[in-house]
Amino acid sequence: MGPEGYILEINESGVFMKAATTAGLFYAIQSLRQILPSSLEDTPLQNKRIQLPHLYIKDVPQYSWRGTMVDIARSFFGLEYLKSHVDRMALYKMNRLHLHLTDDQGWRIEIKSKPALTNVGSKGAVENGRYGYLTQKQYLELQDYALARNIVIVPEIDMPGHIYSALVAYPELNCEEYSNIEPKMATPPELFTGTKVGWSKLCLTKPEIYNFVSKVIGEISTITHGPWIHIGGDEIKDDLYETFVVKADSIVQHHGKTSIGWEEVTKAKVSNSLISQQWHGKVESLVDVKVIESICTSFYFDHANIPGQEKTNNWCKKSGVTLEEVYSYSSSNKNVIGLEAPVWTEFVWDDSSLDNRFWPRTIAVAELAWNHDAPRDYREFSGRLQQHQDRLQRMGVNYFPAEELSWKENQNTRIKADVFRGFIPESFKRTTLLNL
């Protein structure tokens with residue numbers, strides 16, 4: 001059954017679960033949880049009888065990567081929201097949470113060797129957005145919380161572009177007369193509050209930028225439990241881009257991690273161990289590498305749930321990305337290891353809005369990633385999905401009230417009920433990796 005498969009059997013003798021790993025058993029529990037009444041999310045059983053159907057399920061995921069991405073750089077989302085998001089992902093057997101930690105607007109992770117990154121760089125955000133950052137203690141706490149739910153945190157330090165928050169904090173990373181900033185949407189010591197992208201980059205002619213990159217990658221690697229560091233790498237034009245990407249990949253490997261990059265990085269001869277995250281699928285790769293698919297027309301959930309939804313992006317697909325369009329996605333790429341749905345936060349400024357973008361579309365991603373090649377019937381899927389409204393309501397999720405599901409707006413989004421909320425088994429109560 002592999003590292004994540006399980007058997008769940010319910011018969012006249014009771015409930016039985018089998019798996020090769022604790023992860024498999026955890027997923028068996030989530031399947032049982034979805035069979036149990038949703039009222040158990042926030043109400044004790046109180047001696048009531050529950051009838052369970054007799055069944056036999058043998059379940060093995062097709063893809064090893066079943067993820068979401070939260071952009072906390074443009075608008076900040078802190079520890080408590082991220083824990084809630086992890087709880088919801090776990091219910092649907094998702095296992096990767098990619099955090100976009102840095103961008104032009106803000107730097108969101110504490111780097112002790114470079115304190116100005118948060119002392120200065122974390123103070124910005126998009127207009128109407130929130131600023132702030134995760135301390136290393138909070139980052140480690142989030143990882144332990146996620147690992148207890150079999151979710152690995154994947155940190156992204158975006159470079160060599162999307163880097164203005166670092167350029168403000170450390171102006172020496174710029175070229176003379178800020179020639180690396182074009183057009184000059186802002187220059188140090190100004191913070192950037194706009195939504196434009198593709199205008200800032202490290203001064204790639206300066207050898208000393210690699211000292212900065214190595215310091216940052218080394219420190220984030222030391223405090224990251226998982227094996228991956230995302231180096232960004234999209235939306236930049238520079239004659240030295242390929243040289244930088246190859247060196248950045250090498251630095252990640254030097255610090256004992258595996259690189260992930262947006263698909264543009266494969267225009268360079270990076271290592272075969274690097275994982276390419278495809279967001280448009282148009283780059284002709286020079287290397288044969290594994291792939292995460294996040295194609296924007298199907299998985300960019302900062303785009304509208306339905307045509308015309310306000311405060312949403314539309315640059316990739318003007319009509320938005322509907323639930324049915326997510327569910328209809330298919331891939332024949334033999335190198336794909338999984339799917340990931342990002343939400344960029346140019347127009348997502350609070351917890352309720354982020355919930356609205358993720359749910360229920362993320363449930364479709366979870367199903368596709370678990371069993372991508374299974375026969376699909378959207379009407380059958382939406383019929384099953386209708387039954388999840390009450391559970392999401394009880395968990396305090398401000399989901400999008402999809403008309404085809406006959407869902408109504410959740411009026412109880414302050415409720416944060418979840419039977420696993422706050423749970424950390426003894427095996428995950430580890431000491432932190434640093435003397436914090």
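## Phe244 and the nonpolar cores

Leaving aside its neighbours within four places in sequence, which residues is Phe244 in contact with? In this predicted model, the list runs to Met159, Pro160, Leu202, Leu204, Ile209, Tyr210 and Val213. Phe244 is also one of the residues with the most contacts inside the largest nonpolar core, a set of 113 residues. Trp107, Ile109, Leu117, Leu202 and Phe212 share that billing, and Leu202 turns up among the contacts of Phe244 too.

Apart from this core lies another, made of nine residues. Its members include Trp228, Ile260, Ile275 and Ile292.

## H6 against H7

Phe244 also takes part in a helix pairing, that of H6 with H7. Helix H7 covers residues 241–254, and its axis sits 10 Å from that of H6, at an angle of about 35°. The crossing is right-handed.

On the H6 side the contact uses Ile209, Tyr210, Val213, Ser214 and Ile217, and on the H7 side Thr243, Phe244, Lys247, Ile251 and Val252. Sorted by class, that gives seven nonpolar, two polar and one charged residues. Ile209, Tyr210 and Val213 are the H6 residues that also appear in the contact list of Phe244.

## H2 against H4, and a look at Gln138

Next up are helix H2 (residues 79–91) and helix H4 (residues 136–147), whose axes come within 10 Å and cross at roughly 15°. Angles under 35 degrees count as roughly parallel, so H2 gets that label relative to H4. As for handedness, H2 passes H4 in a right-handed crossing.

H2 brings Leu79, Leu82, Lys83, Val86 and Asp87 to the contact, while H4 brings Gln138, Glu141, Leu142, Tyr145 and Ala146. The class count here is six nonpolar, one polar and three charged residues.

Gln138 deserves its own moment. This H4 residue has a relative accessibility of 26%, so it counts as partly exposed. Setting aside neighbours within four places in sequence, Gln138 is in contact with Leu79 and Tyr133. Leu79 is one of the H2 residues in the helix pairing. For a sense of distance, Gln138 and Val168 are 30 residues apart in sequence, and their C-alpha atoms are 24 Å apart in space.

## H10, H11 and H12

Helix H10 spans residues 351–358, and six of its eight residues are buried, so the rest of the structure largely encloses it. The buried ones are Ser353, Leu354, Asp355, Asn356, Arg357 and Phe358. Their cover includes strand E4 (65–71), H2, strand E11 (336–343) and H11.

H11 (residues 361–370) also packs against helix H12 (residues 378–386), with the axes 12 Å apart and an angle of about 120°. That angle makes H11 oblique to H12. H11 passes H12 in a right-handed crossing. The residues involved are Ile363, Ala364 and Glu367 from H11, plus Phe381, Arg384 and Leu385 from H12. Of these, four are nonpolar and two are charged, with no polar ones.

## Backbone oddities

Most residues other than glycine have a negative phi, and most peptide bonds are trans. A few spots here go the other way. Two cis peptide bonds are worth finding in the viewer: Glu182 to Pro183, with omega about -5°, and Pro188 to Pro189, with omega near 10°. Pro183 lies in the loop between helix H5 (164–169) and helix H6 (209–222), and Pro189 is in the loop between H5 and H6 as well.

Then there are the positive phi values. Asn150, which is not a glycine, has a phi of about 60°. Asn150 sits in the loop between H4 and strand E6 (152–156). Its relative accessible area is 19%, and buried means under 20%, so Asn150 is classed as buried. Lys311 has a positive phi too, near 55°, and belongs to the loop between helix H8 (296–299) and helix H9 (323–327). Is Lys311 buried or exposed? With a relative accessible area of 51%, Lys311 is exposed.

Methods: Residues numbered from 1 in each chain as written. Predicted model: local features only at pLDDT ≥ 70, side-chain atom pairs only at ≥ 80, totals over all residues. Heavy atoms only, no water. Axes fitted to C-alpha atoms, helices over the stretch in contact; angles between N-to-C directions. Helix = DSSP H or I, 4+ residues; strand = E, 2+ residues; numbered from the N terminus. Parallel < 35°, antiparallel > 145°, perpendicular 65-115°, else oblique. Left-handed = near helix turned anticlockwise from the far one by under 90°. Contact = heavy atoms within 4.5 Å. Nonpolar A, V, L, I, M, F, W, Y, C, P; charged D, E, K, R; others polar. Core = buried A, V, L, I, M, F, W, Y, C linked by side-chain atoms within 4.5 Å. Buried < 20%, exposed > 50% of the residue type's maximum accessible area, 1.4 Å probe, protein only.
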